[in-house]
Amino acid sequence: MQLASELRTELVDAVSVTGGHLGAGLGVIELTVALHYLFNTPRDRLIWDVGHQAYPHKILTGRRDRIRTLRQAGGLSGFTKRAESEYDPFGAAHSSTSISAGLGMAVARDLDGRDNHVIAVIGDGAMSAGMAYEAINNAGARDERLIVILNDNDMSIAPPTGALSAYLARMTSSGTYLYFRDIAKQLAKQLPKSWERRAARVEEYTRHLWQGGAWFEELGFYYIGPIDGHDFNHLLPVLKNVRDAKNGPILVHVVTKKGKGYAPAEASDDKYHGVAKFNVITGAQVKPKANAPSYTRVFADSLVAEAEKDKRIVAITAAMPDGTGLDVFGKRFPDRTFDVGIAEQHAVTFAAGLATEGMKPFAAIYSTFLQRGYDQVVHDVAIQRLPVRFAIDRAGFVGADGATHAGSFDLAYLGCLPDFVIMAAADEAELVHMVATAAAIDDRPSAFRYPRGEGTGVDLPKVGIPLEIGRGRIVREGTKIALLSFGTRLQECLKAADQLAALGLSTTVADARFMKPLDADLIARLAREHEVMIMVEEGSVGGFGSHVLHHLATTGLLDRGLRVRSLVLPDQFIDQDTPALMYERAGLGAAGIVETAFGALGRAWVDRQEGGRA
């Protein structure tokens with residue numbers, strides 16, 4: 001009890017300094033202590049799903065001295081990470097992977113002839129994803145010893161439990177009970193089919209009556225629980241029984257309270273899921289003063305404005321209503337807002353179904369999470385040419401959440417799909433127009449992307465006006481160098497143009513607006529009228545720049561000796577830092593653009609300039 005109390009105090013104090021995910025970690029303090037007390041980690045593999053729950057685990061496994069570097073540059077990751085500690089056997093960030101990974105580890109253990117335990121802790125909404133059920137189905141059909149802890153922190157499956165339920169959980173986790181259950185199952189298999197079915201029905205009814213969890217049992221797991229996840233008198237004997245059992249797989253249902261032990265978090269678990277720095281005494285979060293509304297808020301308000309005009313507009317989120325801004329839309333249009341849980345595959349095909357019936361679905365999904373539904377984007381949306389509109393939040397670097405949440409790849413994985421309209425907003429005013437554009441596209445799928453955080457502070461239009469599909473714009477005219485921006489790097493391109501102009505290099509700055517279809521006329525003009533052309537984007541290789549280069553090559557626009565460069569995110573996974581510093585190091589700030597222009601011009605030009613100044 002004392003260790004749990006100290007751990008809870010340390011967690012609250014540390015996250016108040018760094019910000020991060022607080023509520024889920026507070027909810028698993030006792031569970032974390034019990035697991036590390038009873039199991040021999042890291043020899044026993046302990047896998048934390050999502051990673052939001054893992055801060056107490058990090059403190060207990062030799063990282064307490066670094067916990068105040070959490071989510072900072074050069075510090076601890078906000079998620080479990082194999083490269084960070086031997087106590088993190090599997091990296092996590094996206095949800096619902098723990099049971100699949102745990103089953104793989106259990107199979108490998110048995111093939112190697114080892115006898116360690118594998119424990120997967122899943123919760124914080126992760127059980128709503130289809131991958132978790134696929135893993136349960138596979139594990140239940142096999143015989144490996146695998147322990148799954150279902151951390152039920154919102155009481156979505158069962159109510160809180162009392163002494164009787166705790167007693168039943170201890171009894172049904174005991175070796176004696178499991179032994180006789182096995183005997184009964186084997187005996188039932190020897191009976192005539194009609195008797196076997198009757199015996200199974202009686203057993204199922206009995207389990208429903210006494211403890212629930214028959215659904216997991218039907219899939220091949222021994223179900224134990226629910227038990228109080230904050231009471232060591234309940235946790236320790238049950239987990240000890242499970243540890244010592246030779247049967248498998250086993251699922252232990254543990255009920256916890258998100259934010260447990262810290263009053264502000266208990267009172268508002270949604271607001272304390274992920275927090276900024278905060279005052280420990282009052283719980284008040286330190287919010288930076290915003291000079292402009294966030295891109296997410298601009299999207300939300302723009303979608304509400306479009307939905308006021310068109311009752312067919314509906315919105316879908318995959319368990320991220322606040323993060324995507326759809327909480328704003330939901331307050332105005334609750335009957336037209338759908339939170340499908342952590343189920344991006346379902347979200348995409350659900351949107352496709354809506355589109356077949358004449359609705360105008362906007363699927364608001366982070367770039368990194370849309371990856372999970374890619375097969376559905378291809379087969380259920382793109383091939384059928386259905387007008388699903390993808391609002392892709394968190395494009396590019398996202399800062400403290402690091403590589404696992406960066407929106408690096410959506411341009412590459414969507415750009416290869418035929419008849420897909422792809423846009424990127426240069427600022428919040430452009431985002432307003434792109435929401436209107438997507439609402440007007442009714443014959444094919446479309447996507448528009450925008451970053452995390454506040455905008456540039458430009459004046460917002462009163463109404464969104466649909467853009468001409470496949471048409472960019474010239475923002476600044478020049479003669480020698482052309483900077484073709486796609487997305488919010490436009491502001492850095494303008495800064496770079498100022499620096500180049502000061503050096504006597506007249507520079508054009510253009511905003512592509514569209515990656516698909518490309519503005520062929522704009523590209524041709526830039527190619528013919530300039531010596532150097534540089535594409536700048538917040539995505540990986542294979543995105544906007546690759547499409548422009550392909551177009552230049554196939555149309556012969558490279559034949560006249562145009563010097564072309566493409567600036568993209570580095571071909572590596574980048575750890576957490578502030579987005580501004582991440583972009584600078586990636587060469588996508590003004591300085592990097594200027595340096596690229598010098599490199600394209602060549603050493604001879606630099607020497608001439610230096611000679612002239614001499």
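# Helix 3 packing, cores and backbone features

In this predicted model, helix 3 and helix 11 cross in a right-handed sense. Helix 3 covers residues 29–38 and helix 11 residues 232–244; their axes come within 10 Å and cross at roughly 40 degrees. Angles of 35 to 65 degrees fall outside the parallel and perpendicular classes, and helix 3 and helix 11 are therefore oblique to each other. On the helix 3 side, the contact is made by Glu30, Leu31, Val33, Ala34, Leu35, Tyr37 and Leu38. Helix 11 contributes Phe232, Leu235, Leu236, Leu239, Lys240 and Arg243. Sorted by class, this contact has 10 nonpolar residues, three charged residues and no polar ones.

Helix 3 also packs against helix 4 (residues 55–63), at an angle of about 40 degrees and with the axes 9 Å apart. Helix 3 is thus oblique to helix 4, and the crossing of this pair is right-handed. Here Ile29, Thr32, Val33 and His36 of helix 3 meet Pro56, His57, Leu60 and Thr61 of helix 4. The class make-up is four nonpolar, four polar and no charged residues. Val33 is listed in the contact with helix 11 and in the contact with helix 4.

Helix 3 is mostly covered, with nine of its 10 residues buried. The buried residues are Ile29, Glu30, Leu31, Thr32, Val33, Ala34, Leu35, His36 and Leu38.

For the chain as a whole, there are 26 helices and 19 strands. Of its 614 residues, 56% count as buried. Among contacts between residues at least 6 apart in sequence, 77% join residues at least 24 apart.

The largest nonpolar core has 51 residues. Leu370, Phe390, Leu414, Phe420, Leu484, Met533 and Leu552 have the most contacts inside this core. Helix 16 (residues 344–356) supplies the largest share of the core, six residues. Leu414 is in contact with Leu370, Val377, Ile392, Phe420, Ile422 and Ala447, leaving aside neighbours within four places in sequence. Another core, of 44 residues, lies apart from the largest one and includes Phe39, Ile149, Ala245 and Ile250.

Thr507 is in strand 16 (residues 507–511). Its relative accessible area is 4% and the cut-off for burial is under 20%, so Thr507 is buried. Not counting residues up to four places away in sequence, Thr507 touches Arg476, Glu477, Gly478, Thr479, Ile481, Leu483, Ala497 and Leu500. One of these, Arg476, is 31 residues from Thr507 in sequence, with a C-alpha to C-alpha distance of 7.6 Å.

Two peptide bonds that precede proline deserve a note. The bond from Thr41 to Pro42 is cis, with omega near 5 degrees; Pro42 lies in the loop between helix 3 and strand 2 (45–48). The bond from Lys516 to Pro517 is also cis, with omega near -10 degrees. Pro517 is in the loop between strand 17 (514–516) and helix 22 (520–529).

Arg71 has a positive phi although it is not a glycine, and so does Arg385. Their values and locations are set out below.

| Residue | Phi | Loop | Relative accessible area |
|---|---|---|---|
| Arg71 | about 65 degrees | between helix 4 and helix 5 (98–112) | 12%, buried |
| Arg385 | about 55 degrees | between helix 18 (374–382) and strand 11 (389–393) | 35%, partly exposed |

Note on methods
Residues are numbered from 1 along each chain as its sequence is written. This is a predicted model: local features need pLDDT of at least 70, side-chain atom pairs count only at pLDDT 80 or more; totals for chains, interfaces and linings use all residues. Side-chain values use heavy atoms; hydrogens and water are left out. Axes are lines fitted to C-alpha atoms, for helices over the stretch in contact, and angles run from 0 to 180 degrees between N-to-C directions. Helices (H or I, at least four residues) and strands (E, at least two) are DSSP runs, numbered from the N terminus. Angles under 35 degrees count as roughly parallel, over 145 as roughly antiparallel, 65 to 115 as roughly perpendicular and the rest as oblique. A crossing is left-handed if the near helix is turned anticlockwise from the far one by less than a right angle, and right-handed if clockwise. Contact means heavy atoms within 4.5 Å. Ala, Val, Leu, Ile, Met, Phe, Trp, Tyr, Cys and Pro count as nonpolar, Asp, Glu, Lys and Arg as charged, and the others, Gly among them, as polar. A nonpolar core is a set of buried Ala, Val, Leu, Ile, Met, Phe, Trp, Tyr and Cys residues joined through side-chain atoms within 4.5 Å. Buried means under 20% relative accessible area, exposed over 50%, partly exposed in between (1.4 Å probe, protein chains only).
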